[in-house]
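Let us walk through this model step by step, moving from the chain as a whole to its sheet, its core and its aromatic rings.

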Amino acid sequence: MNRSHTRLQLSRAALTAACAVVVVGLAAGPAAAHAEVTASDPRALAENVTLSFTSEAESDTAGIAEMRVVLPKGIAPDAVALKDAPEAWKLTATPDGYSIGGPALATGTDAEYSITVRQLPDEKSLAFKTLETYSDGKISRWIEVPADGEKVDNPAPVLKLKAAAPGAKALAPSASPSPTPSSAPAPEQSAAAPSAPGASASAQASGAEEAGSSTGATVGVIAAVLLLLAGAFWWVRRNRGRS
């Protein structure tokens, strides 16, 4: 009896532990980053740093064709050069960062590439808001920056920086950048950038805020009209009762 009772207790304990693991896994799932960044030298003011990016493929029907990145404050578009990327992919400077893309990758293939940054800014962390475009036109927006450890649905790749090395100083901005063919923006691409599907993440966020404001205003107008109609209906019924 005692052995059977002990086995039953152990089985219940094992089942409880397994359920706890599943619950923890489900809770952590939404916060897992789908776009990540690492650095060869993750220190503030570090020079000639290689940043490596990985974006997970999420579509079952299309491959990643382009990514547009908004550079954090302190890194200028002309201070970035392409180091490694999928075959035939090219990097093009944009007003607020860069876009990189080419022939669509095979469905289910993660997009991996690396760039060289002239110098990292003197910050504690850097967020690289990313718009990921698939060959079928679908766009995944990894543009949310978590604050104070909060969880977000679409986290941007964030690079945490260590303190600057002793004696490290900020370099003067490049006076005359000489872009390579892989980073030189094509005139037609630059002109079309604001209206492209991968318009800057900051513009997407602003658009969402404006849409929210417009919706709130519409709801307010509808509520006011309903109140006026209710008042008119009550006034008519009241006058009929008196007559």
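The paragraphs below take up these topics in turn.

The model is predicted, and its chain holds three helices and eleven strands. Read from the N terminus, the elements run α-β-β-β-β-β-β-β-β-β-β-β-α-α. Of the 243 residues of the chain, 28% count as buried, while the accessible surface comes to about 15,300 Å², with 58% of that area belonging to carbon and sulfur atoms. Among the contacts with a separation of 6 or more, 72% are made by residues 24 or more positions apart.

One part of the fold to consider is an open sheet of four strands, in which the order is 1-2-7-4 and the pairing is antiparallel. Strand 1 (35-39) and strand 4 (80-84) stand at the edges with a single partner strand each, so one side of each is left without a neighbour in the sheet. Direction ignored, neighbouring strands of this sheet are turned by 30° against each other on average. Strand 2 and strand 7, which run antiparallel, are joined by eight bridges, and Phe 53 stands opposite Tyr 113 of strand 7.

Which residues touch the most other members of the largest nonpolar core? In this core of 27 residues, they are Leu 51, Tyr 98, Ile 115 and Phe 128. At least two residues of the core are supplied by each of strand 2 (47-55), strand 3 (64-70), strand 6 (97-101) and strand 7 (111-119), and the largest share, four residues, comes from strand 7. Once its neighbours within four places in sequence are left aside, Ile 115 is in contact with residues including Val 49, Leu 51, Phe 53, Val 80, Leu 82, Leu 91 and Tyr 98.

The aromatic rings add a further layer to this picture. The count of aromatic pairs comes to three. One of them is the edge-to-face pair of Phe 53 and Phe 128, with 5.4 Å centre to centre and 80° between the planes; this pair links distant parts of the chain, since Phe 53 lies in strand 2 and Phe 128, 75 residues apart from Phe 53, in the loop between strand 8 (125-127) and strand 9 (129-134). Both of these phenylalanines are buried. The rings of Tyr 98 and Tyr 113 have their centres 6.3 Å apart and their planes at 85°, so this pair too is edge-to-face. Tyr 98 belongs to strand 6 and Tyr 113 to strand 7, 15 residues apart, and both tyrosines are buried. Together, Phe 53, Tyr 98, Tyr 113 and Phe 128 form one aromatic cluster.

Definitions and conventions. Residues numbered from 1 in each chain as written. Predicted model: local features only at pLDDT ≥ 70, side-chain atom pairs only at ≥ 80, totals over all residues. Heavy atoms only, no water. Core = buried A, V, L, I, M, F, W, Y, C linked by side-chain atoms within 4.5 Å. Buried < 20%, exposed > 50% of the residue type's maximum accessible area, 1.4 Å probe, protein only. Contact = heavy atoms within 4.5 Å. Pairing = 2+ DSSP bridges. Axes fitted to C-alpha atoms, helices over the stretch in contact; angles between N-to-C directions. Areas by Shrake-Rupley, 256 points an atom, 1.4 Å probe, with all protein chains shown as cover. Phe/Tyr/Trp six-rings, centres within 6.5 Å; stacked < 30°, edge-to-face > 60°.
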